[in-house]
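Welcome, and please open your viewer so that we can walk through this model together. At each stop you will get something to select and a short description of what is there.

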Amino acid sequence: MTGKSSNQMWGGRFASGPDAIMEEINASIAFDQKLYTQDIQGSLAHASMLADTGIISSEDRDKITDGLNTILSEIEAGTFSFSRQLEDIHMNIESRLTNLIGPAAGRLHTARSRNDQVALDFRLWVRGELERTQDALSKLIDAFLDRADEHADTVMPGFTHLQTAQPVTFGHHCMAYVEMFGRDRSRVRDALARLDECPLGAAALAGTGFPIDRHQTAKALGFSTPTRNSIDTVSDRDFALEFLGLASICGTHLSRLAEEIVIWSTPQFGFARLSDAFSTGSSIMPQKKNPDAAELVRAKTGRINGALIALLTVMKGLPLAYSKDMQEDKEQVFDAAETLELAIAAMTGMVRDMHILVEGMKAAAGSGYSTATDLADWLVREAGLPFRDAHHATGAAVAMAEERGCELAALPLADLQTINSAINEKVYGVLTVEASVASRTSFGGTSPQNVRAQVAWWRAQS
């Protein structure tokens, strides 16, 4: 076969043949250079331990330490040259270290493999991202607590099936999201606790015959203990899957909130108005103000969910211990982490900035006979009716109000008494939306006093 036909066979970027294809599929430096801080951090701890255990000399440790710090400075200054031919972040740093300090660099890899090295680097990176997510969620929760406190008395319609159900307060609605994002934060904390084991020292898969001190390196790197099984250590990516899992659940909560903000900001609802910082105008319709930030948060949840499915699929068929498939574990996590961080920040800004249209909420809260359940409860509590009979009587009252085109509170007492003679003038005390929400004092209910108590409780948890 001629050279020309060979080039046509491989084609495009791979015209030089199998070598070009192998370099393209094998190299990870384009994305795993993001792990440079963690890689250098792990190497510094490893070198220190090797010297303390007498595996390398203190002179070699000092050379390695100086060289690694020089490389860190070069990368942060943007002067470090990353090479695709060196495949990954580990080999790029090792090659540069050799250039800087000579043969002593070769001693750094004693009692270590790229398998436990990458497990450590990635775990350190995910740990840092979990800590950032925890902080971001705390800021979002604080934003909701402020709005809940501010609007503990603001009445709005509560919905089921997106139909008006019963009056609630906007403060209580905000506290529902505090609960949701609080669970997200608790999942982050759980994940941090499970991640708190150091992989370094597992080597390729079987440990090492050198007298290393894994507890020393674990402590130096901020872990409470080393991992306990070398095979599992190099093949484990549960920490990444768990991050993506909690990110997907959090993304779902963000998307539900985004959907509500989109709905609330429509003229048809008129519950909220977004600030200019988180909305855009139309290119052709000057009257429009589009909730673009909320819509994009809603859409970005798909990227996070996709990352979870992608990594689950990578891991599902791998035999123990390490396989090259696991190189595909990082890009999805990196992208999901950036997406989640941006979505939480955007939502925190929207929650803090949006203007709540109190009168619009109050008007909507009284629509759709939202206090019908209060009438039924009153008939049970004050007239002694069984709830099913009270439910039937209330249905008759709603039908009467619909026929007359008025709210329940506008029905004359005499007409209500034709439905049930036990009804008296006190019933009007429960037929307003303010009275309705004030009466919901059961634990977890919507009454303003409950909302303020829950805000105080959550602030104490932070």
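**Stop 1: the cavity**

Our tour starts inside, where the largest cavity holds about 70 Å³ of space. Keep in mind as you look around that this model is predicted. How many cavities of 30 Å³ or more does a search of the whole structure find? The search finds one.

To see its walls, select D39, S43, L68, H90, I93, E94, L97, A105, L108, H109, R112 and Q117, which line the largest cavity. Two elements give two or more residues to this lining: α4 (36-52) and α6 (89-101). Colour α6 by itself, since the largest share of the lining, four residues, comes from this helix. If you colour the lining by class, you should see five nonpolar, four polar and three charged residues.

**Stop 2: the two helices beside the cavity lining**

Now show α4 and α6 as a pair. They pack at an angle of about 60 degrees, and their axes are 10 Å apart. That angle makes α4 oblique to α6. What is the hand of their crossing, left or right? The crossing of α4 and α6 is right-handed.

Next, select Y36, D39 and I40 in α4, then add I89, H90 and I93 in α6: this is where the two helices meet. By class, their contact has four nonpolar residues, one polar and one charged. You have already selected some of these residues: D39, H90 and I93 are among those that line the largest cavity.

**Stop 3: a positive phi**

Follow the chain on from α6 into the loop that leads to α7 (114-150), and pick out A111 in that loop. Its phi is near 60 degrees, which is a positive value in a residue other than glycine.

**Stop 4: the largest pocket**

From the cavity we move on to a pocket. The largest pocket has a volume of about 400 Å³. It is lined by 17 residues, and H172, H173, A176, Y177 and M180 are the closest to its centre. Select those five to centre your view.

Which elements give two or more residues to the lining of this pocket? They are α8 (170-195), α11 (238-264) and α19 (448-461). Give each of the three its own colour, and then look along α8, the source of the largest share of the lining, with seven residues. Sorted by class, the lining of the largest pocket has eight nonpolar, six polar and three charged residues.

**Stop 5: two helices of the pocket lining**

Hide everything but α8 and α19. These helices pack at an angle of about 25 degrees, with 10 Å between their axes. That makes α8 roughly parallel to α19. Their crossing is left-handed.

For the place where they meet, select G171, H172, M175, V178, E179, G182 and R185 in α8, together with V451, Q454, V455 and W458 in α19. This contact divides into five nonpolar, four polar and two charged residues. One of the residues here, H172, is also one of those closest to the centre of the largest pocket.

**Stop 6: a helix pair and its loop**

For the next pair, select residues 292-315, which form helix α12, and residues 330-353, which form helix α13. The two pack at an angle of about 155 degrees, with their axes 9 Å apart. Are they roughly parallel or roughly antiparallel to each other? An angle over 145 degrees counts as roughly antiparallel, and α12 and α13 are therefore roughly antiparallel. As α12 passes α13, the crossing is left-handed.

To view the contact, show A293, A294, V297, K300, R303, I304, A307, A310 and L311 from α12. Then add Q332, V333, D335, A336, T339, L340, L342, A343, A346, M347 and M350 from α13. Colour them by class, and you will find 15 nonpolar, two polar and three charged residues.

Finally, go to the loop between α12 and α13 and select A321. Zoom in on the peptide bond from L320 to A321: this bond is cis, with omega near 10 degrees. That is the last stop, so feel free to go back to any view you liked.

Definitions and conventions:
Residues are numbered from 1 along each chain as its sequence is written. This is a predicted model: local features need pLDDT of at least 70, side-chain atom pairs count only at pLDDT 80 or more; totals for chains, interfaces and linings use all residues. Side-chain values use heavy atoms; hydrogens and water are left out. On a 1 Å grid over the protein atoms alone, a cavity is a set of points where a 1.4 Å probe fits but cannot get out, and a pocket is an open set with protein on both sides within 12 Å along at least five of seven lines; lining residues have an atom within 4 Å of a point. Grid points are joined across faces, edges and corners, and a volume is the space filled by probe spheres set on the points. Ala, Val, Leu, Ile, Met, Phe, Trp, Tyr, Cys and Pro count as nonpolar, Asp, Glu, Lys and Arg as charged, and the others, Gly among them, as polar. Axes are lines fitted to C-alpha atoms, for helices over the stretch in contact, and angles run from 0 to 180 degrees between N-to-C directions. Angles under 35 degrees count as roughly parallel, over 145 as roughly antiparallel, 65 to 115 as roughly perpendicular and the rest as oblique. A crossing is left-handed if the near helix is turned anticlockwise from the far one by less than a right angle, and right-handed if clockwise. Contact means heavy atoms within 4.5 Å.
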